[in-house]
Structures are given as C-alpha cells and as structure tokens.
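Here are a few exercises to work through with the model open beside you. Try each task before reading its solution.

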Amino acid sequence: MRRLLMKTGWCVLFFFALLNCILAMRYLLPRVPFPSQLPNFTLHRIALTGHAACAGIALLAGPFQFLDTLRRRWPRFHRRMGWLYIGSVALGAAFALPLILHAGFGPISGAGFLTLDIVWLLTTVIALRWAIKLRFDLHRRWMLRSYALAAAAISLRIMLPLSAVMGLPIAPSYRTIAWLCWLTNLAIVETWLRLRPGSVTEVPVGRASSPC
C-alpha cells in the first residue's frame with residue numbers, strides 16, 4: 001500500500017512538474033501566449049525568459065532523481081540528471097535576482113521571492129556538498145528540500161487561482177502567497193523527513209547508500 005501511494009504521489013508530482021515546465025517554456029517563443037501581466041514581462045524580459053526556462057528544467061529533472069530503480073540501474077544517467085538539476089538551479093536563481101526588484105505588488109512579495117531564491121540555492125549547494133562527501137542519505141534529504149523549493153512554482157500556480165476563486169483581494173493574496181508557496185512545501189517535506197520510518201540525521205560514510 002505504501003509503495004502504491006509513493007508511485008501515485010510521484011506520478012501526480014511529475015504531471016504538475018511537466019505542466020508547469022510547459023507553461024514556463026512558452027516564454028521562449030517569439031510571441032508568448034497568455035503572458036504574465038506582471039511588470040517583469042516588459043522590464044526584464046530576458047531575465048524572465050532565462051529564469052522560466054531554467055526553473056522549468058529543474059522542475060522537470062527533479063522527480064527523476066528520486067526514483068530508486070533509476071538511481072541503482074543507471075547511476076551515470078542519475079548523476080547527469082543531477083548536474084542538470086544543479087546547473088538549472090544556479091542559473092535559475094541568478095536570473096531571478098533582477099526580477100525580484102520589480103516583483104508584483106511591492107517589496108513584501110519581492111522579499112518572499114528573494115528569500116526563496118537564496119534558500120533554494122543554499123539547499124542545493126548543501127545537497128551537492130554531501131554528495132561529494134559520499135554522505136548520500138544526507139544528500140537525498142537536502143535534495144528533497146531543494147526540490148520542495150523548486151516546486152514552489154507549482155504551489156504558486158495552485159494558490160493564486162484558489163485565492164481568486166475564494167474572492168480574496170489580489171494584492172494582499174499575492175504578497176502572502178509569495179511566502180506561502182515555498183514555506184508550505186518546505187514544512188511538508190520537513191514533516192515527512194521527521195516522521196518517515198528509519199529517518200536519521202547522520203549516516204556513517206561506510207554505510208552510505210547509493211548516490212542520489
């Protein structure tokens with residue numbers, strides 16, 4: 001039953017990741033269908049395009065990193081996908097910086113996205129550090145945190161329409177969701193890491209499992 005739930009959860013996650021990746025990649029088209037009405041679409045079009053593309057790639061590459069079968073049977077492919085994810089995070093975070101200056105609805109939402117950007121990059125660097133040290137259990141834990149932050153794009157696109165359906169004012173809703181979209185994901189992952197069977201914080205190097 002647990003395995004079935006895990007597979008179902010992975011499929012749902014991949015579906016939303018694919019959908020959000022497709023939506024992000026539309027910014028690579030010469031004429032963008034249904035463009036965002038936020039200031040950055042005109043003020044920082046190149047940065048917005050770069051961030052959307054890199055974040056979309058990271059969002060789509062991430063779920064494959066958590067497939068045990070893929071990791072064990074094709075470790076080289078797993079490592080390449082890992083480097084693709086890390087590179088996409090680094091570029092996506094860099095492209096996001098000028099966008100934060102003109103985030104929709106002012107500095108409160110900008111501060112939320114800036115904090116997300118910093119924590120996303122930091123968790124990814126820590127995950128890479130543990131992989132280099134061959135501490136693969138800790139590497140997986142930090143990759144989960146990193147991807148939870150990448151998936152803020154999914155949460156954002158779910159929370160914003162829900163707030164509109166509920167009739168909430170757009171400005172305060174957007175400012176709140178700029179924080180909730182990633183804090184909620186991080187809280188869910190942290191809870192799961194603490195409650196899952198066999199959860200540990202340290203693993204001796206000699207007992208580390210295969211890389212993730």
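A salt bridge is a side-chain nitrogen of Lys or Arg within 4 Å of a carboxyl oxygen of Asp or Glu. Please note that this is a predicted model, in which local features need pLDDT of at least 70 and side-chain atom pairs count only at pLDDT 80 or more, while totals for chains, interfaces and linings use all residues. Residues are numbered from 1 along each chain as its sequence is written, and side-chain values use heavy atoms, with hydrogens and water left out.

**Exercise 1. Find the salt bridges and place them in the fold.**

Step 1. Begin with the count: the structure holds three salt bridges. Side chains of opposite charge can pair when their charged atoms come close.

Step 2. Look in helix H7 (136-150), where helices are DSSP runs of H or I with at least four residues, numbered from the N terminus. Asp 137 and Arg 140 join their side chains there at 3.8 Å, N to O. These two are three residues apart in H7, about one turn of the helix. Both are buried, that is, under 20% relative accessible area with a 1.4 Å probe and protein chains only; exposed means over 50%, and partly exposed lies in between.

Step 3. Move to helix H4, where Asp 68 and Arg 71 are three residues apart, about one helical turn. Their side chains form a salt bridge at 2.3 Å, N to O. Asp 68 is partly exposed at 36%, whereas Arg 71 is buried at 5%.

Step 4. Finish with Glu 190 and Arg 145, whose closest N and O atoms are 2.3 Å apart. Glu 190 belongs to helix H9 and Arg 145 to helix H7, so this pair ties together parts 45 residues apart in sequence. Arg 145 is buried, at 11% relative accessible area.

**Exercise 2. Which ring does Arg 145 lie over?**

Step 1. Recall the test: NZ of Lys or CZ of Arg must be within 6 Å of the ring centre and within 35 degrees of the ring normal.

Step 2. Arg 145 lies over the face of Trp 142, at 4.3 Å from the ring centre. Likewise, the charged end of Arg 129 sits over the ring of Trp 130, 4.8 Å from its centre.

**Exercise 3. Trace the aromatic cluster that contains Phe 14.**

Step 1. Rings of Phe, Tyr and Trp (its six-membered ring) pair if their centres lie within 6.5 Å; planes under 30 degrees apart are stacked, over 60 edge-to-face, and the rest tilted. The structure holds ten such pairs.

Step 2. One of them is Trp 10 with Phe 14, stacked at 5.3 Å centre to centre and 5° between the planes. They sit four residues apart in helix H1 (residues 2-25), about one helical turn.

Step 3. Phe 14 also meets Phe 64 edge-to-face, at 5.5 Å and 80°. This pair links distant parts of the chain, 50 residues apart, with Phe 64 in the loop between helices H3 and H4.

Step 4. Trp 10, Phe 14 and Phe 64 therefore make one cluster under the pairing rule. Phe 14 is partly exposed at 22%, and Phe 64 is partly exposed at 24%.

**Exercise 4. Where is His 139, and is its position buried or exposed?**

Step 1. His 139 is found in helix H7.

Step 2. At 6% relative accessibility, His 139 counts as buried.

Step 3. Its side chain reaches the backbone oxygen of Ala 127 at 2.6 Å.

Conventions. Polar contact = N/O pair within 3.5 Å; in protein donor to acceptor, adjacent residues only side chain to side chain.
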